[in-house]
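Subject: Structure handover

Hi,

Here is the structure you asked about. Please open it alongside this note, and my findings follow below.

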Amino acid sequence: MYPLDKIFKPSSIAAIGVSDRPGTVGYAIMDNLLKGGFQGKIYPVNPGHPTIRGKKSFPSVKKIPGTVDLAVIAVPAKAVLGVLKECGEAGIGGAIIITAGFRESGPEGKRMYDEIGEVARQYDIRIIGPNCLGIIAPALGLNASFASRMALPGKIAFISQSGALCTAILDWSVSQSVGFSHFVSIGEMVDVGYHDLIDYFGADQQTACILIYMESLSDPRKFMSAARAFARQKPIIILKAGQSLEGAKATLSHTGSLAGNDAAYDAAFRRAGIIRVDTISQLFHVAQALAMQPRPNGNRLAILTNAGGPAVLATDFLMKNGGQLATLSPTTIQELNKFLPEHWSHGDPVDVLGDTPAVNYGRALDLILKDENVDGVLTITASQAVISEAEIAKHVVNISKTNQKTLLACWMGETDVADGRELLEEGGIPSYRYPEEAVHAFLRMYRYARALEFLYETPTTSPEEFLPNKEKAAGIIRTALDAGRLTLTEPEGKQLLSCYDIPIARNEVAETAEAAVIFATEIGFPVVMKIDSPDIGHKVDVGGVLLNIRTEEEVRQAFNTLIANAKRHRPDAHIVGVLVEKMVSKDFELLIGAKKDPVFGPVIAFGMGGTAVEIFQDINLGLPPLNMALARRMIERTKVFQLLQGYRGRPGVDLLGLQFLLVKFSYLVMDFPEIKEVDINPYAVDVEGGVVLDSHIVLEKLPAHEGRFTFDHLVISPYPDHFTKEVLMKNGQTALFRPIRPEDEPLEAEMFEKLSRESIYFRFFGYVPKISHKFLVHFTHIDYDRELAIVAEVEEQGRRVLAGVVRLVNDYSDRSAEFAIIIADPWQREGLGGQMMDYMIEIARQRGLERMHAEALSNNEVMLAMFEHRGFKLLKRDGTSYKVELTLV
């Protein structure tokens with residue numbers, strides 16, 4: 001039983017603190033529990049009342065006979081802790097704490113809040129709240145809240161951090177016929193957080209999509225892990241409110257002022273495949289569309305209407321927001337001409353005119369849906385005196401039953417079209433009141449489909465091997481921090497970047513004018529000269545940069561000018577000297593940067609650079625780690641990308657090299673949590689390559705990690721290359737054990753070709769009909785926090801191939817994990833399977849797991865013997881399979 005089942009599928013409930021007194025929260029909770037239709041047992045708990053609403057009341061949960069799954073707690077804040085301890089002692093596994101007065105009420109409330117969390121962990125109680133409205137599960141008739149009404153049943157799971165918003169949405173949803181699988185006011189999240197609910201509703205067969213109203217996020221890494229695990233199968237739609245003041249503050253770097261907190265949420269949601277909306281209406285309109293209709297394969301929308309004006313508005317909104325109006329094929333036009341009025345529009349939008357019979361409206365829809373140039377159809381109907389909107393709706397629903405394309409409706413009006421709108425929604429077609437709402441939903445569906453396609457595309461391998469000099473980089477950072485400095489000088493910053501193979505120009509810091517002349521003569525004119533000071537961030541602002549210096553005399557003058565400017569503008573600054581480097585002129589100036597966001601950790605920025613970067617604000621953000629595909633998408637989402645790929649006869653830059661540069665840069669900010677901000681601006685680039693012209697790096701002092709490279713500052717677990725080792729097989733061949741990566745998809749597909757039908761049957765308990773990208777992406781694009789797959793890489797005829805894969809997938813609790821293994825037939829009986837199993841058991845212990853379990857077919861004798869040899873307990877489930885389990889601690 002999943003622990004959250006105690007909350008969402010209870011068989012018995014203790015309602016603690018409920019009352020007979022109307023107008024109180026306790027009364028409303030008891031009233032809702034009784035009236036909702038819940039079929040389980042309900043036990044009122046209140047020592048001051050022998051009965052409540054006709055039911056026997058108990059003085060304590062300890063006095064309730066039998067077991068209780070869920071406690072709904074509505075007692076004063078100071079009494080909650082004692083009540084919760086009693087629940088733990090009574091073996092209650094779930095609790096909803098309605099009571100307010102904790103973190104939001106000051107230090108004493110914060111102390112009580114922390115103690116509640118400790119009790120939850122001590123007794124293994126899962127808790128919703130405190131300070132929440134409660135939960136509703138309509139399918140069970142469960143209304144454990146003090147809301148004013150019951151939610152309608154449906155396929156949407158709604159999670160809200162605001163209880164007040166819950167009540168408003170609940171009222172609105174009933175009038176709009178919006179139904180829910182679950183309705184959750186999450187409150188202050190002392191225990192159950194967004195990630196728990198995404199995991200739970202993601203696996204729930206009654207939930208088609210997950211909606212979240214979010215104000216803040218306290219456990220971003222677990223949230224990202226859960227969202228990335230489920231967003232590809234089940235849409236997650238978020239309305240995020242509240243922009244952090246931190247993101248609006250001016251900082252030392254350009255990147256800091258551009259990568260505000262809300263923009264970081266955008267980047268995180270995009271990386272997880274989450275749909276972000278801006279309004280409550282969009283939240284539900286998009287959800288309805290995704291829950292009821294297939295996703296479009298493209299953005300080509302056909303509009304079928306009996307009213308020209310609304311169709312024009314829909315077209316305008318479509319074109320303005322990145323959609324395309326479908327171009328109907330000549331065949332479709334010819335077929336429509338056979339039965340539509342002479343003066344129909346003869347194109348898209350298809351205006352069939354106001355008096356066209358309902359049956360012809362349906363025939364037109366059928367033809368349009370079958371057109372290969374159409375990805376989706378929006379049907380628009382306005383109330384007409386001569387036509388029944390309900391009759392049109394019946395034809396639309398009938399046609400939709402044989403259709404696999406996105407079909408949306410806009411029945412404009414209220415009373416006159418109410419029957420038609422109801423028929424549409426009963427038939428699985430979302431209906432909107434305004435055409436722009438429908439078009440917006442279509443475009444969000446399309447972008448969601450495209451986003452998932454991009455997120456899970458197979459990245460190309462890096463163009464060359466990349467081995468950063470981590471030890472040298474660590475020394476540069478350590479030197480600055482040991483000196484009490486939190487800002488690297490420009491020479492230090494460029495040295496740090498060069499450790500990660502990021503190209504820099506040859507440079508030297510001169511402490512005198514004559515030293516500057518000597519170095520400038522050595523590297524050749526023209527040169528650029530800059531003030532070098534750890535206390536001056538943007539040198540241009542203090543007259544600290546001079547360009548295109550061509551003679552020795554100009555070097556002397558520039559040196560004196562730069563020193564004087566710095567002393568005048570920043571008399572308190574420590575001046576090291578003047579940096580001299582070769583003047584570089586290239587076609588484009590870019591910004592590459594990173595800023596440590598207070599929620600999501602390092603956020604990478606890429607876009608148009610130069611001195612006017614804040615004016616153009618052509619910046620795109622992404623979260624590390626990056627691969628070649630993710631880096632490409634970061635670049636493509638900027639306006640400057642159009643220039644970088646070549647424009648009006650001008651040659652483009654090496655985009656592959658630029659992608660690889662971003663990948664290398666992401667390793668730098670991943671490897672060093674001490675890096676707070678990085679600002680490379682400009683990075684000059686043209687067809688011949690790129691070079692860093694200026695950089696600014698800000699550090700923060702963190703507790704020492706004893707020379708180890710730790711990744712706790714990241715919200716997405718990077719590639720765990722420390723789980724790598726070489727082994728020897730019985731045939732003398734060497735195999736490399738390493739974690740799988742997305743780039744391995746072609747190798748995994750090739751390995752499947754070497755599997756016999758028996759091997760596939762033993763691994764998947766059935767046959768796999770087709771090995772496709774959609775199938776393989778589940779095995780190669782994984783979240784390393786919750787899943788680990790180790791491949792055995794061997795050499796065959798001069799090529800690297802995969803000989804086997806062993807996999808460990810964490811269960812909901814992160815205490816146990818499911819184990820699976822497959823060895824390609826050419827390498828079976830070479831001892832490879834046993835070594836891979838042993839290595840994964842070792843890794844499981846390192847990751848702190850308590851148990852491993854697996855399933856094996858009864859006739860898979862070799863596998864069962866391997867399990868038994870390693871101490872797994874075998875439990876026969878039925879006549880065909882065994883469940884096996886190994887205790888690790």
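At what angle do helix H28 and helix H29 pack, and how far apart are their axes? The angle is about 40 degrees, and the axes lie 11 Å apart. Keep in mind that this is a predicted model.

**H28 and H29**

H28 covers residues 832-846, and H29 covers residues 861-869. An angle counts as roughly parallel only under 35 degrees, and roughly perpendicular starts at 65. The two helices are therefore oblique to each other. H28 passes H29 in a right-handed crossing. On the H28 side, Gly833, Gly834 and Met837 make the contact. On the H29 side, Met863, Met866 and Phe867 do so.

**H25 and H27**

Here is a second helix pair. H25 spans residues 745-753 and H27 spans residues 773-780. Their axes come within 10 Å and cross at roughly 110 degrees. Angles of 65 to 115 degrees count as roughly perpendicular, so H25 and H27 fall in that class. This crossing is right-handed. H25 contributes Glu745, Glu748, Ala749 and Phe752 to the contact. H27 contributes His773, Phe775, Leu776, Phe779 and Thr780.

**Aspartate 196**

This residue is found in helix H6, residues 194-202. Is aspartate 196 buried or exposed? Its relative accessible area is 11%. Buried means under 20%, so aspartate 196 is buried. Its side chain reaches the backbone nitrogen of glycine 193 at 2.9 Å. The aspartate 196 side chain also makes a polar contact with the side chain of histidine 195, at 3.2 Å. Leaving out residues up to four places away in sequence, aspartate 196 touches Tyr2, Leu4, Arg126 and Asp191.

**Nonpolar cores**

The largest nonpolar core has 94 residues. Which of them touch the most other members? They are Phe158, Leu644 and Phe665. Another core, of 63 residues, lies apart from it. Its members include Ile42, Leu197, Phe230 and Phe269.

Back to leucine 644. Again leaving out residues up to four places away in sequence, leucine 644 touches Phe588, Leu590, Phe606, Ile635, Gly652, Val653, Leu655, Leu658 and Val685.

**Arginine 478**

Arginine 478 is found in helix H17, residues 470-482. Its relative accessibility is 48%. Partly exposed runs between the 20% and 50% cut-offs, so arginine 478 counts as partly exposed. Arginine 478 and glutamate 674 are 196 residues apart in sequence. In space, they are 9.5 Å apart, C-alpha to C-alpha.

Best wishes

Methods: Residues numbered from 1 in each chain as written. Predicted model: local features only at pLDDT ≥ 70, side-chain atom pairs only at ≥ 80, totals over all residues. Heavy atoms only, no water. Helix = DSSP H or I, 4+ residues; strand = E, 2+ residues; numbered from the N terminus. Buried < 20%, exposed > 50% of the residue type's maximum accessible area, 1.4 Å probe, protein only. Polar contact = N/O pair within 3.5 Å; in protein donor to acceptor, adjacent residues only side chain to side chain. Contact = heavy atoms within 4.5 Å. Core = buried A, V, L, I, M, F, W, Y, C linked by side-chain atoms within 4.5 Å. Axes fitted to C-alpha atoms, helices over the stretch in contact; angles between N-to-C directions. Parallel < 35°, antiparallel > 145°, perpendicular 65-115°, else oblique. Left-handed = near helix turned anticlockwise from the far one by under 90°.
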